[in-house]
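Q: Please take a close look at one part of this model, and then set that part in the context of the chain as a whole.

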Amino acid sequence: MKICVVRALAAIGTCLVAGTVKAADIYSPMTPELQQTTESGWTFSFAPYFWAAGLSGDVAQFGLPAVDVDASFSDIFDNLEFGAMAIGEARNGPYSIFADVMYTKISGQADTPRGVFATDVELTSETFAGLLGAGYSVFEIGTARLDVVAGLRIWSVESELSFHGGLLDGRSRSDDATWVDGLAGFRGTYSLTPEIYLTGWGLIGAGGADLDWDVATAIGYRFSDMISAVAGYRALGVDYSNDGFVFDAVQQGPILGLVLRF
């Protein structure tokens, strides 16, 4: 397998989880709710989601030069072993605390061109990204609400190359990176009808990465006071580099979410 293919697979694993699906509705963990709170003052939401995102940009791992990656969602899905994404929120009046946790594991295997040093090479990449933040409502009129939000996102990426056959049979090599970015921005909701609403958000920041940003827009439908669904489009970009590990890429694609409120 050509080395650029291996690096592309590692890039896919790094970016598949790059992101926080903040799409939801009036009762969403990631957009302001427009309904009354409970008698205790607190409402809670949990939202598993699916993001069919592709990846484009420059990535470098294992001490190799950066490689240009342009992978569709189908390319990523073909190598996906496991993925889990969910967000949750606790809200009391204008105040909110929210969290987003994402984990993916991908693997790929291919033959080497000549088979001297190894007959084939296998890549396994695991990525974790978690966002913890807080928000405050600065504007509200009937069917519309706007929150100012800020938080920290931690990234952890670990990739391993394993060689089979040839002179390097049984050997492996790993590369990993962990960093934290601070983010701030806005999120808002506008109700078109009691059931249908529009929502969107925009976040930008930096820290371990030179730049970290996240924007999205979505439309939602509320089936009941406890269950709602959203569909939209989201794009997220990050520019990180340190000690030969480079991740400068954009992930974007449609999103689907299910929101449970209690």
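How many contacts beyond four places in sequence does the model have for residues 32-39, and under what value does the pLDDT stay there?

A: The model is a predicted one, and for residues 32-39 it has 27 contacts beyond four places in sequence, while the pLDDT stays under 50 over this stretch. A second stretch is to be read with the same care: over residues 1-30 the pLDDT is below 50, although the model has 151 contacts there beyond near neighbours in sequence. Helix H1, residues 3-16, is where confidence is lowest in the chain, at a mean of 44, whereas strand S9, residues 196-207, is where it is highest, at 93. For the chain, the mean pLDDT is 79, with 74% of the residues reaching 70 or more.

As to the setting of these stretches, the secondary structure of the chain comes to 2 helices and 12 strands, in the order α-β-β-β-α-β-β-β-β-β-β-β-β-β along the sequence. Among the contacts in the chain with a separation of 6 or more, 65% are between residues 24 or more positions apart. Of the 262 residues in the chain, 50% are buried, and the area that the chain exposes is about 11600 Å², of which carbon and sulfur atoms supply 60%.

One residue shows such contacts in detail. Asp-175 lies in strand S8, which spans residues 172-191, and this aspartate counts as buried because its relative accessible area is 17%, under the cut-off of 20%. Leaving aside residues up to four places away in sequence, Asp-175 touches Gln-61, Phe-62 and Gly-63, as well as Val-157, Glu-158, Ser-159 and Phe-245.

Another place to examine is the second largest pocket, with a volume of about 170 Å³. Its lining has 12 residues, and those closest to the centre of the pocket are Phe-50, Trp-51, Leu-80, Gly-83 and Met-85. Strand S1 (43-51), helix H2 (73-78) and strand S4 (80-92) each supply at least two residues of this lining, and the largest share, 4 residues, comes from S4. By class, the lining has 10 nonpolar and 2 polar residues, with no charged residues.

To return to the part asked about, the 27 contacts that the model has for residues 32-39 belong to a stretch where the pLDDT stays under 50.

Terms used: Residues numbered from 1 in each chain as written. Predicted model: local features only at pLDDT ≥ 70, side-chain atom pairs only at ≥ 80, totals over all residues. Heavy atoms only, no water. pLDDT = per-residue confidence, 0-100. Contact = heavy atoms within 4.5 Å. Buried < 20%, exposed > 50% of the residue type's maximum accessible area, 1.4 Å probe, protein only. 1 Å grid on protein atoms, 1.4 Å probe; cavity = no way out; pocket = protein on both sides within 12 Å on 5 of 7 lines; lining within 4 Å. Points joined across faces, edges and corners; volume = space filled by probe spheres on them. Nonpolar A, V, L, I, M, F, W, Y, C, P; charged D, E, K, R; others polar. Areas by Shrake-Rupley, 256 points an atom, 1.4 Å probe, with all protein chains shown as cover.
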